[in-house]
Amino acid sequence: MNLSFNDAELEVVRLAAGREGMSPASWAGRQAMAVAQHVLVPVSQDAGDVLRELVQARVHLRETVTALRTLTADGPPVAGLAESAAAIVAQALVAVARVDEATVQVMRERRPWS
C-alpha cells in the first residue's frame, strides 16, 4: 500500500511518529490499523474541541456532585440544607448523564470519508 502526503501533511506525520519514537511509515500503518479496527475514531478538529470541552464539563460536574454529597453527609443538617442540597445533587446527576450521553455521541461520530 502506498501513501502520499503533501509537504505539510508529511511533516505532521513525521512529528507525530517522532513523538512516539517510530518511523513515519510504521506510525501511519499503526494509525490506519487502529481506524480500521475501530480502536481509533477519527473526528474533525471541531468535534475534538467539543469532546474535550464535554470531558472537562463532566469532570467539573462530578466534582460538584461529590462536594454536594459531602455537604449533605457531614454532621447534623442545617435546617433545609439537606433537602436543598439533595435537590441540587439530583439536578447535577441529570446534568452529568446528559454530558455523558453527549460525550459518547461525539466520540461515536465519524468524519465522512469521501
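**Salt bridges, cores and surface**

Visitor: With which residue does Arg-62 form a salt bridge?
Guide: A salt bridge is a side-chain nitrogen of Lys or Arg within 4 Å of a carboxyl oxygen of Asp or Glu. For Arg-62, the closest N and O atoms of such a pair are 3.2 Å apart. The pair links distant parts of the chain, 38 residues apart, with Arg-62 in helix α3 and its partner in helix α4. That partner is Asp-100.

Visitor: What pLDDT do local features need in this predicted model?
Guide: Residues are numbered from 1 along each chain as its sequence is written, and side-chain values use heavy atoms, with hydrogens and water left out. In this predicted model, totals for chains, interfaces and linings use all residues, side-chain atom pairs count only at pLDDT 80 or more, and local features need a pLDDT of at least 70.

Visitor: How many residues apart in sequence are the parts tied together by Arg-58 and Asp-100?
Guide: The side chains of Arg-58 and Asp-100 meet in a salt bridge, with 2.2 Å from N to O. Because Arg-58 lies in helix α3 and Asp-100 in helix α4, the pair ties together parts whose separation in sequence is 42 residues.

Visitor: Which residues join into one network through salt bridges that share partners?
Guide: Arg-62 forms a salt bridge with Asp-100, and Arg-58 pairs with Asp-100 as well. Shared partners therefore create one network, made up of Arg-58, Arg-62 and Asp-100.

Visitor: Why are Arg-52 and Asp-49 separated by about one helical turn?
Guide: The salt bridge between Arg-52 and Asp-49 has its closest N and O atoms 2.6 Å apart. Arg-52 has a relative accessible area of 46% and Asp-49 one of 37%; each is therefore partly exposed, that is, between buried (under 20%) and exposed (over 50%), with a 1.4 Å probe and protein chains only. The separation is about one helical turn because, within helix α3, the two are three residues apart.

Visitor: How many helices are there in the protein chain?
Guide: Helices (H or I, at least four residues) and strands (E, at least two) are DSSP runs, numbered from the N terminus. The elements run α-α-α-α from the N terminus on. Strands number zero, and the count of helices is four.

Visitor: Which elements give two or more residues to the largest nonpolar core?
Guide: A nonpolar core is a set of buried Ala, Val, Leu, Ile, Met, Phe, Trp, Tyr and Cys residues joined through side-chain atoms within 4.5 Å. The largest one has ten residues, including Leu-54, Leu-61, Leu-68, Val-89 and Val-96. The elements giving two or more of them are α3 (45–73) and α4 (81–108).

Visitor: Which residues does Leu-68 touch, not counting those up to four places away in sequence?
Guide: Contact means heavy atoms within 4.5 Å. Leu-68 belongs to the largest nonpolar core. With residues up to four places away left out, Leu-68 touches Ile-88 and Val-89.

Visitor: Which residues make the nonpolar surface patch of about 380 Å²?
Guide: Patches are made of residues with over 30% relative accessible area and no salt bridge, where like charges are joined within 9 Å and nonpolar side chains (Val, Leu, Ile, Met, Phe, Trp, Tyr) within 5 Å. One member, Phe-5, lies in the segment before α1 (7–19) and is partly exposed at 37%. The patch is made by Met-1, Leu-3 and Phe-5.

Key:
Areas by Shrake-Rupley, 256 points an atom, 1.4 Å probe, with all protein chains shown as cover.
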